[in-house]
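Subject: Structure handover

Hi,

Here is the structure we talked about. My notes follow below it.

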Amino acid sequence: MKTFSLLALLLLLNGAIAQNAARPNFLFVISDDHRWDVLSVVQREQEAQGKIARFPWFKTPHLDKLANQGVRFRNAFVVNSLCSPSRASFLTGRYNHLNGIANNFTPFPQNNVTWAGELRKAGYATGYIGKWHMDSQKGQRPGFDYSASYVGHGRYDDCPFEINGVSQPTKGYVDDVATDFAIDFLKKSKDKPWALVVGYKAPHADFTPPERLKNAFAGEQANAVPNMNSGPPYRDNWRVTQDATPVSGKVPAHLNYMRCVAGVDDNVGRLMQALDEQGESENTVVVYAGDNGFYLGEHRLGDKRSAYEESLRIPLIVRYPKLKLQNAIEDRMALNIDLAPTFLDFAGVPIPETMQGKSWRPLLEQKPKPTLWRDRFFYEYFWEQQRGGSPPTLTALRTEKAKLIHYKDHPEWSELFDLSADPYETKNLYNDANYTALRREMESEHEKQKASVGYVIPPYASDPEKIPPQVAQAINRWVLEFRFDKDGERILAASTRLNAGAITQGAILGEGRDGKKALRLDGKSYVEVPKSEALRPDLKAWAIEATFKAEKPDGMIVARGGASNGYALFLEKGRPVFAITSANQLSRVTAPVEVTNRWVTVRARLTADKQLKISIDGQEIASAKARDYINADPKEDMQIGVDRGSQVFGAANVPEFTGLIEFLRLYSGALP
C-alpha cells in the first residue's frame, strides 16, 4: 500500500513537472508613445521599398534582433490611442468603453478580468514592473502576485518605486531600474511558469534620455513627409487647405525622443540577455509593443489620440523560438486587444467570452489563413478636458485600404481617405463626388462595427456635451495655510478651508527661529496634501508663499501635477524657481539670488496677465512670461518637500528638500 502511494505520488509530481515544462512563460515589454516606424529595421525597409524613411540614421539593434528571431507585425494598431486606455486593452482584451478605462484619469478596476489574473489562477507566477499609469493609482497592481511600479508617470531619474504597494527610493534612470527589477524577478521565478510585464516610461515627454545617450545622433535631421502641412479639421487655427504646399527636405528630428527609444532598446537587450543566461529563452513568448503611436510633426501635431496613422499604429514584435520563425513578416491586422487571448491560448487557458480580441496563435504558427481573420477594425477616442490639445470624441473605421473618421456632433469635420493612393492622409475625400460609393460602403461598415463592439460613451468619460460650462471660479483668498505649530501625526491647516496634510516617512516638527515650531525635512520625508476643489490651480491666477531655511542648495518646496498640468516651487543651485506646466508646455522663472542657509520668505505668482513672478522678503526680483494658465486641475495630490509620482515638467531631478519650513500658504486668484 505504501509502495503504491509513493508510486502514485511520483507519477503526479512527474505529471505536474511535465505540464509546467510544456507551458510557455510570457514576457510583455511595453513602452510609452513609441510609434511604429521608430525602429531601424523599419527605416531600412522603407528605404529598400523606395518610401520616405524619416530617420534612416536611427539604430535599434536589440529590437531588430528580436524581430529577426521572430515575427514583426507591420499592421499593428490600438483601438484607442491614449496611454491608460491602451494599456487597459492590452490587459483585458476589451474595448475601453467596456473595460472601465476610457481616459487617463480613471484607476484600473480591481475586478477587471485580465490575462494576468487568468494565468495566475492557472498556476503562473505573475509580475508587473515599471510604468502602470492608470491615473495616479497606487498600490500592488491588480491581478499580479508581485509588482515594482510607480505612481502616474513617475520621473526619469531617481524615481520612487512601490514594491507591492510600499514606496521605496531608487537611484538611476527609471527604465534601467525597472530592468533591474525585471531581471531579479526572472532569477527568482524558476519553480513554475511565469508571466511578466515590463513597462518603460520612455519615450514619453519630457523626452529625457539616459546620460549615456544624451549626445547620440547629434546633428541628425529627419526627412519631411507629405502630411506635415495637412492640419486636422478640429483645429480651426491650424486648418490648412488641401492645396497647401507640402513640406519637403529636412526638418528637426526630435532627437531626445529618438534617444529615449534607444534607451528602451538598450534595456530590451538586457532582458533578452537575462533570458539567455537563465536558460528561459526557448520557452518564453516575448512580445514587444508601444502603447500607442505618436505624432512628430505630421498633420501639424504632437501627442497622439486622433485617428491618423501615426497615432494608432504601433510597433509589435513577437518571438517564441519553439515556433521556429526567423525574420518573419505578418501583414494581417493585429490589435492591442489581441494580446490577452493570445497569451491565454498559448498557455492552454480558456479565453473568457468577454474578451473581444483574437488570438494570434494561428498567424504565428503559420497555419492556413484563417477565413474569419479581420481586415478592418473600429477605433474610438473619448474627449478629455484639456485646453489646447485634445481632439473631440471620435470614432473611426480602418480597413486594409481606406479610413473613415467621424467627430461627435460635427459631421462637417468627417474625413475619408483612400490609403492605397494616399497613405499619408493628405486628401479628404468625404465630400468628393467621385468617391460616393466608397463613402457609402465605409459608412455602412462603420455602423456595423460600432454595433458589433457594443459602442457606448461611458458615463465617466469626459465628453464635451456632458460637461457643463466651467462654473468654478477663483476664490480670491488664501485657500491653504500651514503654520507648522501643531504636534502629532497630522499637520493642521490654520485656514478655514481645513486642508490637512499627513506627515510621512519621518518628518518631524522641530525648533525653528524665535521659539517657533517648524517642519524639519531630512531629504526623505514630506507632507502629502489631498486634492480638493479649493486647491484648484487652473482658475487663472495662483500664488504660493513659503518661509523656510534650506540646508542644501537643491530641493523641492511644494509641487502638484505632472508634465501635462501642474506647478512646482523649488531650489536649484540655491536659487528659487517657479515652474508651471500647461498642456505639456513649460514656463518657468528663476530668481537671480541664492537663499541657502538663511531664513527667507519666497512668494511665487502666476498673475492674471500670464506673468510668472518671484518675490523674496517682499521685494519682486524676477519675472517671465507664461505660455498659458494651468489648463486643468491636476489629478494628483500636493506634496510639500518632494515631487512624488508624476514629476512637474521643468523640475526634473530636483531632490527632496532638506531643512526647515516654518510657514506655507496658497492663494486662489490674483493677489491684491
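Start with Asp175. This is a predicted model, and in it Asp175 is buried yet has no salt bridge. Which side chain of opposite charge is nearest to Asp175? That is Lys201, and it is 8.0 Å away. A salt bridge here needs a nitrogen within 4 Å of a carboxyl oxygen, so the pair does not qualify. The backbone of Lys201 is another matter. Its nitrogen is reached by the Asp175 side chain at 2.8 Å.

Asp175 sits in helix α7, which covers residues 174-187. Set aside the neighbours within four places in sequence. Asp175 is then in contact with Tyr150, Tyr200, Lys201, Ala202, Val264 and Asn267.

Now the salt bridges. Side chains of opposite charge can pair when their charged atoms come close. The whole structure has 48 salt bridges. Three pairs are worth pulling up on your screen.

1. Asp33 and Lys304. Their closest N and O atoms are 3.1 Å apart. Asp33 lies in the loop between β1 and α2 (40-48), and Lys304 in the loop between β11 and α9 (309-312), so this bridge ties together parts that are 271 residues apart in sequence. Both Asp33 and Lys304 are buried.

2. Arg374 and Asp338. This salt bridge has its closest N and O atoms 2.8 Å apart. It links distant parts of the chain, 36 residues apart. Arg374 is in the loop between α11 (361-364) and β15 (376-381). Asp338 is in the loop between β14 (334-335) and α10. Arg374 is buried, and Asp338 is too.

3. Arg361 and Asp345. Their side chains meet in a salt bridge at 3.5 Å, N to O. Arg361 belongs to helix α11 and Asp345 to helix α10, so the pair connects parts 16 residues apart in sequence. Arg361 is partly exposed, with a relative accessible area of 26%. Asp345 is partly exposed as well, at 24%.

There is also a network. Salt bridges that share partners join Asp33, Asp303, Lys304, Arg305 and Glu384 into one.

Next, helix α4, residues 83-92. How many of its residues are buried? The count is 10 of 10, and the helix is mostly covered. Charged and polar residues are in that set, among them Arg87, Ser84 and Thr92. Phe90 and Leu91 are buried in α4 too.

What do the buried residues of α4 pack against? On the strand side, the partners are β1 (25-31), β4 (125-131) and β11 (284-290). On the helix side, they are α5 (96-99), α6 (115-121) and α10 (339-347). Note that α10 appears here and in the Arg361 pair, where it carries Asp345. After α4 comes Gly93, whose phi is positive, near 70°.

Last, the overall numbers. The protein has 672 residues, and 60% of them count as buried. Its secondary structure comes to 12 helices and 34 strands. Take contacts between residues at least 6 apart in sequence: 67% of these join residues at least 24 apart. The accessible surface is about 26700 Å². Carbon and sulfur atoms hold 50% of that surface.

If you open one view, begin with Asp175 and the backbone nitrogen of Lys201. Then go to Asp33 and Lys304.

Best wishes

Notes
Residues numbered from 1 in each chain as written. Predicted model: local features only at pLDDT ≥ 70, side-chain atom pairs only at ≥ 80, totals over all residues. Heavy atoms only, no water. Buried < 20%, exposed > 50% of the residue type's maximum accessible area, 1.4 Å probe, protein only. Helix = DSSP H or I, 4+ residues; strand = E, 2+ residues; numbered from the N terminus. Contact = heavy atoms within 4.5 Å. Lys, Arg positive; Asp, Glu negative; His and termini not counted. Polar contact = N/O pair within 3.5 Å; in protein donor to acceptor, adjacent residues only side chain to side chain. Areas by Shrake-Rupley, 256 points an atom, 1.4 Å probe, with all protein chains shown as cover.
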